[in-house]
Amino acid sequence: MSGATAVLYPSHTPSSYHRVVSPTLTIPTDPQISVPVGLLACQRDPLLRELATTVVNCVVSQPAAPPAGKKSKKSVIAPTLPQGPILHLILHDTVIFPEGGGQPTDTGVIIDSDGEPWEVLQCKRDGGHAVHYVNVSDSIDVDAAVAKFTPGTKVIATLDQAAFDRRYDHMSMHTSQHLLSALLETDLNLPTLSWSLTTYPSPCYVEILRGMTPEEITKIQERANRLVFEGRKVHIEVTELDSAEASSVPTLEDGRAAGKALPQDYTGGVKRVVVIDGVDRNPCCGTHMPTLHNLQLFILPHTEALSRSSTTTARLYFLCGPRLITYLTSTHSLLTSTASIMSCGAPLVPERVSQVIDDRKRAEKRVDALETELAGGIASGLVAELNANGADQLFKKGIHRTDDSSNPLAFLNAISLAFSNSLPPSASYLCVLSSSPSSSSSAVVLIIGSDEKLVKQAADLVKEKVGVKGGGKGNRWSGKFMGAWKKDVQEATVQGILGGIDA
Ligand SMILES: [Zn+2]
């Protein structure tokens, strides 16, 4: 996280946060058994950073080679796994959240019984178990690593500061998403089709059926922040999973699903509902803030339309908590540095930038017109010299120009075009046009002629004696010279080459 973001984290989760509402549901206390996902310590107490627990199982895994080509959407937000072996570690219980409900994996550290820290790169749900992907450094033998985590060994699962900052951001955004989706549903009858917890500190978004007006956005934001300032409480209710009920997910009129059902491979046997007091009840496995207090939901005041084959949807972007502060800090510094470049106050930046763009367009248009005019002038001069030369003589000419244009060859082409358009029909000529920037660090060369053989002869000599690389067809050839282009060396050589060629 950015150093500019000072966040005072709440210190503890109220005991009323996690409510087991079914009298028959118990949380396993046997250290040989893993607490199922849905009842993990990180889900019972989202502010808990450290937990003494026991190893239930540990196996070595050799990660599969990452698929070639495009990175998957998830790999952006989950730390990448190393090529070497890693440990798949199941603990009795954990403060490290396995990815789920749109919330990415936590990172963290497991401290072994000798007090040595082991880095947890990812945590994933497998059936009902949270599996910690533990990094094995190159200096450690894999068998020795496994021996550290024999079942029954006491360890400590922790979220270090970086891991807790990451988690705190994720749960702030996740709880905000529940609040936002609930208000969109109740106030505007707009169900959330999906949402994305993007990489920090980009705004997250919910996908909805249509764009929203600025008035609707303002209204939802005001409603949300009133609830934030009230500090509405959030709590979790868990019961045994009724499998018939588990697979139901509301569908829209056109048959599309709104929201997500429980994953098919979930075997934890727990139904978990996140309740925002008086606002929303939503099945979810994520970690959530105990209160809306301090969330400060901010909705970006526009929606982005998306078109996919047969349907059109819109994305509504939002920010909250530490991410909001970091995002505002970075966008503000971008704005003030732009304002300083434009020598104006921040509110004038859009006006000044569009003014600069308009000016530039006008200037480009003017340069184009002047170039055409100048190319015509140079060409007329060449034609006049050619006519003065006598109709039966081969006219030979070398012209070098200094030009800082990003495409100097285009201007040489313009001269060539204007020249050939105003030539007498029977003219015999060979011209070498060259151009280098004011730094003389390189040059472009264009050879044109009335006879293909003359052009080829001149091009071969320019390649050989000057070192220009290029190619051409018919009666034109162009090339590039890398290095310092000097009047008394390269240019003099070109003049010598022209002098030595006869029709
Ligand atoms: Zn959720």
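Trainee: Does Ala 130 count as buried or exposed?

Mentor: This is a predicted model, in which local features need pLDDT of at least 70, side-chain atom pairs count only at pLDDT 80 or more, and totals for chains, interfaces and linings use all residues. Residues are numbered from 1 along each chain as its sequence is written. A residue is buried if 20 or more other C-beta atoms, placed from the backbone, lie within 10 Å of its own, exposed if 12 or fewer, and partly exposed in between. Ala 130 has 30 C-beta neighbours inside 10 Å, so Ala 130 counts as buried.

Trainee: In which strand does Ala 130 lie, and how many residues of that strand are buried?

Mentor: Ala 130 belongs to strand S6 (strands are DSSP runs of E, at least two residues, and helices runs of H or I, at least four, numbered from the N terminus). Strand S6 covers residues 129-135 and is largely enclosed by the rest of the structure, because its buried residues number 6 of the 7.

Trainee: Which residues are in contact with Ala 130, leaving aside its neighbours within four places in sequence?

Mentor: Contact requires the C-beta atoms of two residues to lie within 7 Å. Asp 368 is 65 Å from Ala 130, C-alpha to C-alpha, and 238 residues away in sequence. With neighbours within four places set aside, the contacts of Ala 130 are Val 37, Leu 40, Thr 94, Pro 98, Cys 123 and Arg 125.

Trainee: Which residue in S6 is the bridge partner of Cys 123?

Mentor: Strands pair if DSSP finds at least two bridges between them. S6 is joined antiparallel to strand S3 (residues 86-91) by 5 bridges, with Ile 86 opposite Asn 135. S6 also pairs antiparallel with strand S5 (residues 117-126) over 6 bridges; these two strands form a hairpin with 2 residues between them, and Gly 127 in the turn has a positive phi of about 65°. Within the S5 pairing, Cys 123 is bridged to His 132.

Trainee: Between which domains does the largest nonpolar core lie?

Mentor: A nonpolar core is a set of buried Ala, Val, Leu, Ile, Met, Phe, Trp, Tyr and Cys residues joined through C-beta atoms within 7 Å. The largest has 71 residues, and Val 134, Leu 297 and Phe 318 have the most contacts inside it. Helix H3 (residues 161-188) gives the most to this core, with 9 residues. Since both domains (bounds from an automatic or database assignment) give residues to this core, it lies between domain 1 (25-64 + 72-166) and domain 2 (167-243 + 250-340).

Trainee: How many residues does the other core, apart from this one, have?

Mentor: The assignment also gives domain 3, residues 357-500, and the centres of domain 2 and domain 3, taken over C-alpha atoms, are 63 Å apart. The other core includes Val 383, Phe 419, Val 455 and Trp 485, and its residues number 35.

Trainee: Which strands stand at the edges of the open sheet formed by 5 strands?

Mentor: The order in this sheet is S15-S16-S17-S19-S18, with mixed pairing. Each edge strand has a single partner, so one side of it is left without a neighbour in the sheet; the edge strands are S15 (395-402) and S18 (469-473).

Trainee: Which residue in S17 is the bridge partner of Ser 435?

Mentor: Strand S16 (residues 429-436) and strand S17 (residues 442-449) run antiparallel and are joined by 6 bridges. Within S17, the partner of Ser 435 is Val 444.
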